[in-house]
Each structure stands twice: as structure tokens, then as C-alpha cells.
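Here are a few exercises to work through with the model open in your viewer. Try each task before you read its solution.

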Amino acid sequence: MMQEQIKNINSLEELQALYTATFGKNGTMTAKLKEMKNLDNDARVALNLENQTLRELFKTRQMEIENAILMAGLQKQKLDVSLNPMPENRGTLHPLTQSLTEISSILESFGYTMHTGPQVEDDWHNFTALNTPLHHPARDMQDTFFLPNGNVLRTQTSAIQIRAMESSGVPIKMFGVGATYRKEWDATHGPMFGQIEGLYIGQGITMSDLIADVRAFLSKFFEIENVELRIRPSYFPFTDPSIEIDLKWKNDKWLEIMGAGMVHPNVLRNCGADPDVYQGFAFGFGWDRLAMLKYNLPDLRDLYNNDVRWLKSAGF
Ligand code: DAH
């Protein structure tokens with residue numbers, strides 16, 4: 001019987017041959033169908049049924065044979081576990097973004113809240129309110145980019161502490177983050193760099209609170225348990241007394257990390273705070289410099305070239 005015959009076929013070629021012999025131009029079923037008009041009703045129904053059943057059987061058998069071929073092929077294949085995997089192309093965060101995220105989360109965990117400000121700054125916020133009036137010799141400490149209208153490209157994020165006190169008043173515990181600009185260009189200085197400014201104004205706040213926060217911050221950021229700090233007297237117009245803080249690095253060298261001090265009474269007055277009631281400290285540092293140290297990078301400018309090859313070779 002044809003039905004048995006189909007079921008016993010094991011190759012696609014044989015199946016195709018029998019299909020052609022049945023349904024092809026000169027096929028047996030084709031011939032029968034041509035004679036359909038001479039059949040009585042019952043015979044027609046029977047023929048139709050046979051036609052359909054056979055077609056289904058061919059289809060089913062074809063699928064079965066194809067599956068069997070596939071399974072046999074899979075069983076013959078061996079998994080070569082020594083082959084290299086497809087190369088993974090993963091993106092990462094830029095080292096500056098990584099370090100900024102870390103710095104912010106440490107400062108936020110100490111209760112400082114983040115503030116930002118404009119990069120094109122007016123004279124008041126960048127200099128005058130920071131106790132650096134026109135013709136003050138300290139203006140020469142920073143090689144400033146001036147704009148024709150008298151504004152400047154912000155030379156220091158200290159400007160943000162003024163804006164923060166103006167808008168939020170005192171007491172305040174904030175840090176300012178942003179790009180700063182100076183006419184500088186060498187391995188450790190670029191014309192644009194990232195600065196962080198910390199400010200804590202309240203009542204009874206002293207220099208030892210400043211040093212405690214800086215110590216805790218640096219030990220967290222650099223993952224050094226007992227950071228050794230060196231405090232040197234310095235000068236900044238907006239702090240009095242002013243200090244510079246050095247960190248003892250792994251090779252026993254002292255590295256200059258940040259400027260800091262007790263906020264000058266004039267700065268507080270300029271922001272509407274009474275220095276007889278409120279005192280506090282401020283500190284400022286380059287966050288790209290901190291990233292350079294943490295990731296052991298020789299040239300600060302690499303951080304701003306956005307060369308993916310360099311980023312990859314540096315391990316980012
Ligand atoms: N603004 C200073 C600079 O750009 C850094 C600085 C020094 C910030 C002392 C401070 C500070 O808040 O108290 O060099």
C-alpha cells in the first residue's frame with residue numbers, strides 16, 4: 001500500500017521520486033483525478049480523501065526525515081571548548097567620570113550636597129566676592145581667560161561656594177563640581193581641568209574639623225588606611241588662615257593635594273553671613289589630578305584627548 005511505502009522511505013531523494021510518481025504530470029494520482037468526472041459521488045469523496053491523506057503523509061514524512069538528518073548531524077558535531085570566544089566589546093565609564101562619581105559619593109556620605117555653576121563666570125563670583133577685588137595681587141595667581149565683556153572663564157570652583165551661599169544661605173555644607181580654565185599647558189596642567197570645592201559653614205567649626213574630613217576623604221578615595229598628611233601654611237585671599245595639604249604617597253614622596261583654610265570673614269560678609277556667628281572651612285582640589293594619582297597616569301592631557309586606544313591601553 002502506498003501509505004506503508006511512504007512511511008518506510010528514509011531518504012529525501014526517494015521520497016521526492018515517489019511524490020513525483022504520484023502527483024507529478026504523469027503521476028498515478030494525477031491520472032485518477034483526471035478521471036474524477038466519471039466517478040459517482042461516493043467514489044469522488046473517497047478519492048478526495050485519499051488525495052489529501054497522501055499529501056499529508058508526504059509532508060509529515062519529509063519533516064521526519066529532515067529532523068532525523070539534523071539530529072544525526074548534531075550528534076556528529078563535537079563542541080570545541082578550546083576555541084576563542086567572540087571578542088567582547090564592552091564600553092566603560094571614562095576615568096574622569098569614574099573618579100568624579102566616587103568623589104561625589106564619598107562627600108555626599110559625609111553630608112555635603114552637590115552644587116554646580118556657570119563656566120562663564122562674572123568678576124564678582126570668580127574674584128571679588130572671594131575677597132580678591134580688582135588690582136588685588138592674588139589675581140595674578142591664576143592665568144585667566146578674559147572675555148571681551150569683562151566676564152571670565154571660571155578659574156576656580158570657589159566661585160560655586162559664593163553662588164551656593166547666595167542661594168541657600170548659611171549654615172551650609174556643600175561641594176561644587178565643574179570645569180575650570182587657566183592658560184596652562186604641560187604634563188600636569190591643561191587649559192581646562194576639573195575642580196572640586198568643599199565648603200562647610202556653621203557654628204563652632206574649626207580647622208581640626210577640616211583636617212578630619214579631608215583625612216577621611218583621602219583615605220576612602222585612595223583606599224589607604226592611615227593616610228599621612230602634611231599641613232603647610234599657605235596663602236589664598238578667601239581663607240585665613242590658609243593651608244596646603246600634602247599626602248604621603250606609596251613611594252614615600254609628599255604630593256600636594258589641595259588648598260584649604262578657614263573661610264575669610266570678608267567672604268562670609270559678601271554672602272550675607274555674619275562672621276561673628278558663623279565660621280567654617282573651604283577646600284579645593286583638581287579632581288583630574290586625583291584621578292591621575294589613583295590610576296597612575298603620567299599625563300593629565302590624556303584624560304581629555306578621548307582616544308579610545310589610549311583608554312583601552314590604560315585599562316579603562
Ligand atoms: N581655588 C583655589 C585654586 O584654584 C583652591 C582652593 C584653595 C580652594 C583654598 C579653597 C581653599 O576653597 O580654601 O587654586
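**Exercise 1.** Find where Pro-171 lies and which residue a cis peptide bond joins to Pro-171.

*Solution.* Start with the secondary structure of this predicted model. Pro-171 sits in the loop that runs between H7 and strand S4 (172-181). Next, look at the peptide bond with Val-170: this bond is cis, with omega about 0°. As a reminder, most peptide bonds are trans.

**Exercise 2.** Locate the cis peptide bond of Pro-241 and name the element that holds this proline.

*Solution.* Begin with the bond itself: Asp-240 and Pro-241 are joined in cis, and omega is about 0°. Then place the proline, which belongs to strand S7 (residues 239-248).

**Exercise 3.** Work out the sign of phi at Asn-296 and say where this residue lies.

*Solution.* Most residues other than glycine have a negative phi. Asn-296 is not a glycine, yet its phi is positive, at about 60°. On the chain, Asn-296 falls in the loop between helix H10 (287-295) and helix H11 (302-305).

**Exercise 4.** Describe the surroundings of the ligand, from the pocket down to the residues.

*Solution.* Take the pocket to begin with: the ligand occupies the space of the largest pocket. Now turn to the elements. At least two shell residues come from each of helix H7 (158-168), strand S5 (192-202), strand S8 (254-263) and strand S9 (279-286). Then go to the residues themselves. There are 16 around the ligand, and the nearest are Gln-156, Ser-158, Arg-182, Gln-195 and Glu-197. Sorted by type, the shell has nine polar, five nonpolar and two charged residues.

**Exercise 5.** List polar contacts of the ligand, using a cut-off of 3.5 Å between N or O atoms, and say how much of the ligand's accessible area the protein covers.

*Solution.* Go through the ligand atoms by element. A ligand oxygen is 2.5 Å from an N or O atom in the Glu-197 side chain. A ligand nitrogen is 3.0 Å from an N or O atom in the side chain of Ser-158. For a backbone partner, look at Ala-282: one of its polar backbone atoms is 3.1 Å from an oxygen atom of the ligand. Finally, consider the area: on its own the ligand has 350 Å² accessible, and the protein covers 92% of this.

**Exercise 6.** State the domain bounds and how far apart the domain centres lie.

*Solution.* The domain assignment gives domain 1 as 8-76 and domain 2 as 95-313. Comparing their C-alpha centres gives a separation of 85 Å.

Conventions. Residues are numbered from 1 along each chain as its sequence is written. This is a predicted model: local features need pLDDT of at least 70, side-chain atom pairs count only at pLDDT 80 or more; totals for chains, interfaces and linings use all residues. Side-chain values use heavy atoms; hydrogens and water are left out. Domain bounds come from an automatic or database domain assignment. A residue is near a molecule or strand if one of its heavy atoms lies within 4 Å of it. A polar contact is a pair of N or O atoms within 3.5 Å; within protein, one must be able to donate a hydrogen and the other to accept it, and residues adjacent in sequence count only if both atoms are side-chain atoms. Accessible areas come from the Shrake-Rupley method with a 1.4 Å probe; for residues, only the protein chains shown count as cover. On a 1 Å grid over the protein atoms alone, a cavity is a set of points where a 1.4 Å probe fits but cannot get out, and a pocket is an open set with protein on both sides within 12 Å along at least five of seven lines; lining residues have an atom within 4 Å of a point. A molecule sits in a cavity or pocket if more than half of its atoms lie within 2 Å of its grid points. Helices (H or I, at least four residues) and strands (E, at least two) are DSSP runs, numbered from the N terminus. Ala, Val, Leu, Ile, Met, Phe, Trp, Tyr, Cys and Pro count as nonpolar, Asp, Glu, Lys and Arg as charged, and the others, Gly among them, as polar.
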